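Colleague: I've just started looking at protein models and I'd like to learn how to read one. Could you take me through it feature by feature?

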Amino acid sequence: MREKASTFAGEPEPSGPNRRTVLVGAVGAGVAGTALAGVGVGLAAPTTAPPAPQETLPVTLTVNGVRRSAPVDPRASLLDTLRDQWGLTGPKKGCDQGACGACTMLLDGTRVLSCISLAVLHDGQEITTVEGLVAKGEMHPVQRAFAERDGFQCGFCTSGQVTSAVGLLKENPRPSRAEISELMSGNLCRCAAYSNIVDAVADAARGER
Amino acid sequence: MSEQGIGAALTRVEARDKVTGAARYTADVVLPGMAYAALVSSQVSAGRLRSLDVSAAKAAPGVLGVFSHLDRPTWHRVPAIPYFGETRMPFSDDRIHHAGQHIAIVVASTRQQAAHAAALVKAEYEAGKPVPTLEKALPSAYVAAQGNYVNFPQETVRGTPEEALAGSPVRVKAEYRTALISHAPIEPSVTTATWEGDELTLYDTSQAVVVHRGLVATAFGLPEDKVRLVCPLIGGAFGAKTHVWGHTLLVALAARRLGRPVQVVITRKQMFTTTGHQPPTVQRIEIGAERDGRLRVITHDSTNSTSFVAERPENTVLSSVATYAVPNLRTRVRLARMNFGTPTAMRTPGDGPGSFALECALDELAHELGADPVELRRRNHADVHPQSGKPWSGKNLLECYRIGAERFGWHRRDRRPGTRREGNDLIGYGMATARRVEHHRAAESTVDIRTDGGVVVRTATQDIGGGTLTTMIQVAADALGVAPDKVTITVGDTDLPPGAPTFGSITSGSNGSAVRLAAQDARGAAIRLAVGDKGSPLHGLAEDAVDVRDGRLFAKADPRRGETYAVLLTRNRVNPLRGNGKYSPAESQYETSTFGAHFTEVRIDRDLPRVRVVRHLAVIDCGIVLNTKTARNQAQGGIIGSIGVALMEELRQDPVSGRALAPALTDYHVPVNADIGQIDVHFVNKPDHNSNPLGAKGLGEICSIGVSAAVANAVFNATGRRIRDLPITPRRLL
Amino acid sequence: MDFIRPTSLAEALRAKAEVPEAVPIAGGTDVMVELNFDRRRPPALLDLNAVGEIAKWSEVDGRIRLGAAVPYVRVIDELGDRLPGLAMAARTVGSPQIRNRGTVGGNLAAASPAGDSHPPLLASDAVVEVASVRGTRTIPITEFYLGVKRSALEPDELITAVLLPPADGPQQFSKVGTRNAMVIAVCSFAVALHPASGTVGTGLGSAAPTPRRAPEAEDYIAGELSALWQSPAPLADSVLRRFGELVGAAAQPIDDVRGSAAYRRHALAVLARRTLGWAWHDYCEGRVTACA
């Protein structure tokens with residue numbers, strides 16, 4: 001079968017190094033098992049940093065309480081920088097256009113969309129992502145409320161929803177249900193767990209009073 | 001059977017991971033030395049590439065390779081379809097079949113470099129004359145031959161439909177249209193490919209790792225066991241990740257050529273143009289009935305668009321074939337090719353658009369007859385399957401109507417349209433029936449009991465948000481007699497026993513049955529071990545004299561006599577004790593479906609006139625419910641998705657080129673939080689053991705079927721305006 | 001791609017003069033959407049986040065001078081009483097995340113006919129302040145918009161502020177979209193009552209290639225109200241309808257993905273008569289400005 005294996009014509013067929021099993025644990029066996037054990041998977045920093053682009057600017061950010069510096073491609077969004085440079089997996093890329101909210105993070109405490117901002121715009125600022133809401137292993141009240149109320153299905157928008165809800169409660173600590181609906185509308189949930197999301201935010205608001 | 005977890009409102013086992021950002025989705029996988037790809041899209045919708053200049057892209061900083069049809073990829077073979085996106089392999093020639101078609105792949109060291117270089121690829125086209133829209137394609141519509149994707153009868157005749165129509169005292173006839181709509185999952189499709197010699201590992205956003213592995217293996221000419229597909233968590237799909245699309249193969253090809261792992265996260269625009277959609281349909285329905293409302297005949301003629309590289313009929317007409325007791329019937333499905341991407345399954349294929357047409361037509365008939373829409377449906381209830389005549393494995397549709405009408409307050413509906421007002425709002429009620437064939441698929445699982453009393457379920461299905469990880473644990477816990485918190489599950493990897501795809505509402509019934517069989521197997525083996533073990537307090541008992549609860553085996557006659565799985569296995573040095581489950585659906589004497597009834601209240605600002613669904617109630621009959629918390633959530637989501645289909649979703653096309661005008665979430669509107677009214681879901685919750693060993697049936701699709709018709713019928717009740725084209729926008733109501 | 005980060009307005013203007021094609025960026029919510037969607041990158045970005053002069057608002061000679069880089073959220077929180085129309089419009093911009101970063105200056109620079117700020121700016125006779133190394137000039141808002149996404153801004157100029165009189169009467173804004181939030185306007189309308197001068201200002205969004213006013217509707221309603229300012233009484237439905245019709249007639253909308261021309265014209269008429277009704281009601285009730 002190997003001779004017939006697909007490739008681009010006229011090109012050598014290189015054989016890659018042995019890396020088949022690297023990091024598989026983070027996905028294959030890990031996900032549910034760790035969930036049940038109540039232990040987060042933690043950050044898997046890339047084991048090799050990609051080569052620095054030719055044009056970079058030094059950027060220093062405080063991410064979830066940790067100061068991090070790196071040479072950053074000025075074209076890189078804040079989202080890509082946090083994910084690719086520093087291995088955060090919470091903030092998600094849904095649309096890259098500011099239309100879905102999955103990349104929501106807190107910038108100096110205020111909720112913003114990290115896909116439509118550039119890392120170089122935020123040198124010296126403080127970033128909190130969904131990972132940073134966990135304190136000493138304890139989930140943030142909003143996180144607990146989302147878990148208990150089943151405020152998600154696939155979970156892909158959830159980091160953004162949770163972070164957005166934390167920002168919302170900072171802006172407006174006692175929102176009505178109607179206000180929660182409106183002020184959480186920057187976060188699409190295509191699974192449409194909206195009713196449960198409102199319940200979760202309302203619970204968290206009550207708990208924080 | 002539910003004392004040990006089935007039906008309980010358990011919190012999802014992966015909840016903490018999902019709310020803390022620890023859950024790993026495909027794009028979160030980072031491999032050492034991984035490069036990033038960007039795909040270049042065709043700007044025209046028909047014709048051929050006159051030239052493709054990749055020199056600037058190749059010279060751009062960080063670029064490792066640029067590949068296109070010029071590199072003449074040698075695919076081993078076109079994989080078997082269905083479940084393979086298109087019959088044309090990517091880059092196989094210079095032909096362009098739709099705007100957005102992949103014409104080159106650029107790989108670079110960083111994401112930004114790849115995106116930048118992709119913008120430097122210069123394509124010149126010899127533009128052809130596209131068939132831009134379904135409207136323009138209709139004159140060349142045709143009935144497809146059976147085979148490939150065409151896996152249901154394209155034409156059905158029952159009785160003598162023409163005579164029946166001629167002799168019907170009451171007739172309604174109308175044409176309904178549904179829009180080109182898009183799955184728009186929040187997670188874009190992602191593939192990361194890595195080779196070790198001739199072994200390929202793909203981290204791929206896949207609704208079916210087991211099925212897709214075989215297809216990829218075929219494309220690359222590899223034995224299946226040389227391909228591994230990994231995808232435990234899907235960030236939403238709704239059908240968009242049901243098939244293998246071109247990007248998956250191209251990334252694998254580039255990774256092989258470059259000798260390093262390559263990842264692509266396709267752009268939101270490419271999600272709209274290259275990973276399928278639900279095609280627009282034009283459906284003509286004619287119904288003939290007696291004056292008392294009994295149906296004499298239905299004819300249902302449906303045409304949907306397809307691409308020039310795949311034939312994909314929407315089985316809309318099954319609604320007419322299988323929902324009501326009607327002695328005469330004629331259905332036909334035709335395809336019309338247009339220069340757009342290939343359509344695919346989208347929640348809910350066939351029945352979504354089909355039930356819109358049929359259930360609206362029923363409402364028109366009810367109005368014509370002056371009959372109550374619920375009563376009309378009751379009168380035409382199909383006691384057996386109307387086409388095959390076989391009995392149903394389980395059906396509680398009449399109960400759905402009864403409970404729904406009662407809880408909704410259906411009696412408050414005024415039959416005269418446009419009569420209920422409140423301030424500026426017109427108020428209307430509408431309802432519709434839901435029916436979906438329950439699909440069965442072979443699935444396997446193992447269940448391991450360990451000496452510490454813990455249990456591990458292993459099965460290569462994946463979690464798409466339906467609560468699969470939790471419900472499979474509940475099934476195993478129930479069958480084993482252990483607490484659910486003793487059970488963990490591993491999914492989403494073809495190295496595991498082949499599980500079911502996460503599409504077609506298959507998971508609960510088929511994969512659940514496999515898990516149940518595996519757990520029963522393990523439990524049986526443990527009991528046999530105990531009764532044959534002189535060291536066991538249960539030694540010598542008959543197997544059926546032993547029961548298990550909370551992880552402890554005990555004599556039914558004397559519950560004090562017994563021991564735990566942990567003690568038994570530790571003493572016998574069995575670790576783990578593995579149970580195997582293989583669910584193979586057999587030819588059945590029954591027809592199996594899921595059912596439901598939807599009731600909707602709309603309010604319409606009569607000046608603007610915008611429709612809001614303020615209240616919706618669904619009563620759903622999907623067998624036994626495995627987890628009421630996740631099921632309610634899933635059903636509410638399906639309903640809201642379909643409210644979006646009813647009121648706002650449409651991927652508009654340019655009438656000349658056929659290109660999607662605004663393939664972006666800024667303009668392809670899906671419901672937001674502030675759009676949502678009160679959504680109530682009630683489950684009949686009766687097990688259907690004739691369907692499968694577990695008695696559970698699919699929920700993901702049945703909850704969304706009929707919703708758009710219920711909304712349209714409510715709009716008619718509110719306004720007297722019959723909108724037969726989706727979505728029901730203010731423009732159409734004006 | 002060059003990245004220029006001036007720390008003063010003077011520096012920013014020098015940079016813009018040297019690299020006129022540099023794209024100014026503050027919140028980024030407009031610029032980045034375009035850049036990401038088309039995957040293009042301009043030769044240079046001009047980061048205005050460190051230019052303090054344009055990041056604040058103040059009262060100057062009886063007018064509010066709203067710095068171009070003041071985010072919507074501050075307009076909502078801090079100026080709801082003085083600029084109620086603009087604050088209402090700001091509240092409908094995108095999502096809270098976008099309102100935390102997006103700015104009126106960015107909305108003006110993009111000059112999209114669908115931008116939510118434009119109608120209230122038009123209704124209250126705003127003036128756009130622009131600057132370059134050549135000096136500072138002001139452009140009346142009605143002369144600012146030249147075409148779809150085209151404005152009177154010269155390549156070497158930056159928008160530094162927008163100047164608005166504080167509300168001297170009730171103001172209203174309303175917008176139609178296909179969903180209840182997170183939506184680009186199908187059409188939008190703003191109205192501002194000016195009891196002191198006996199005039200009414202209007203602004204129409206997504207109604208023509210540029211945001212625009214409805215002068216005939218303004219003249220008509222000013223005439224109808226002339227006798228009523230001193231002794232307020234409810235407006236006849238026919239007056240509201242006529243006002244709406246004239247607003248609809250002032251529109252030159254197009255068919256596009258968001259709505260049809262006919263629907264836009266119709267909806268503008270509805271928005272116009274409703275918002276005028278609300279504003280006049282507020283006036284009759286003695287509420288000079290709508291609540292924030």
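**Reading the model, one feature at a time**

Modeller: Let's begin with one residue. C:Met182 is buried, because it has 31 other C-beta atoms within 10 Å, and 20 or more is what it takes to be called buried. Keep in mind that this is a predicted model.

Colleague: Okay. Where in chain C does C:Met182 lie?

Modeller: C:Met182 is in the loop between β11 (171-176) and β12 (187-194) of chain C. Its backbone deserves a look too: phi of C:Met182 is near 55°, a positive value in a residue other than glycine.

Colleague: How should I read a positive phi?

Modeller: Start with the general idea: most residues other than glycine have a negative phi, and most peptide bonds are trans. Now take another case from chain C. C:Asp61 has phi near 50°, again a positive value in a residue other than glycine. You'll find C:Asp61 in the loop between β4 (57-60) and β5 (63-67) of chain C.

Colleague: Is C:Asp61 buried or exposed?

Modeller: C:Asp61 is exposed, because it has 6 other C-beta atoms within 10 Å. C:Met182, on the other hand, is buried.

Colleague: You mentioned trans peptide bonds. Which peptide bonds here are cis?

Modeller: Let me show you two in chain B. A cis peptide bond joins B:Arg347 and B:Thr348, with omega about -5°. B:Thr348 sits in the loop between β16 (328-337) and α10 (351-369) of chain B. The bond from B:Asn575 to B:Pro576 is cis as well, with omega near -5°, and B:Pro576 belongs to the loop between α15 (565-572) and β25 (577-583) of chain B.

Colleague: Now helices. How do I read the sides of one?

Modeller: An α-helix has 3.6 residues a turn, so residues three or four places apart point the same way. Try helix α9 (residues 215-225) of chain C, whose buried residues are C:Ala217, C:Glu218, C:Ile221 and C:Leu225. Seen down the axis of α9(C), these fall within an arc of 100°, so they line one face of the helix.

Colleague: Which exposed residues are on the face of α9(C) turned away from its buried side?

Modeller: That face carries C:Pro215 and C:Gly223. The buried residues of α9(C) are covered by elements including β13 (199-205), α10 (237-250) and α11 of chain C.

Colleague: And what about the inside of the whole thing?

Modeller: In soluble globular proteins, nonpolar side chains tend to be buried together. Here the largest nonpolar core has 379 residues, and those touching the most other members are B:Ala37, B:Val106, B:Val107, B:Ala476 and B:Val711. Helix α11 (residues 261-284) of chain C gives the most to this core, with 10 residues. A second, separate core has 8 residues, including B:Val131 and B:Phe340.

Colleague: What does B:Ala37 touch?

Modeller: Leaving out residues up to four places away in sequence, the contacts of B:Ala37 include B:Ile105, B:Val106, B:Val107 and B:Gln263.

Colleague: Last one: how do I read domains?

Modeller: Look for where a chain is divided, then at what meets across the divide. Chain A is divided into domain 1 (59-133) and domain 2 (141-208), and their C-alpha centres lie 20 Å apart. The contact takes 17 residues from domain 1 and 14 residues from domain 2 of chain A. On the domain 1 side, β4 (104-107) and β5 (110-113) of chain A each give two or more residues, and β4(A) gives the most, with 3 residues. By class, that side has 8 nonpolar, 7 polar and 2 charged residues.

Definitions and conventions: Residues numbered from 1 in each chain as written. Chains lettered and ligands numbered in written order. Predicted model: local features only at pLDDT ≥ 70, side-chain atom pairs only at ≥ 80, totals over all residues. Core = buried A, V, L, I, M, F, W, Y, C linked by C-beta atoms within 7 Å. Buried ≥ 20, exposed ≤ 12 C-beta atoms within 10 Å, placed from the backbone. Helix = DSSP H or I, 4+ residues; strand = E, 2+ residues; numbered from the N terminus. Contact = placed C-beta atoms within 7 Å. Arc of directions from axis to C-beta. Domains from an automatic or database assignment. Nonpolar A, V, L, I, M, F, W, Y, C, P; charged D, E, K, R; others polar.
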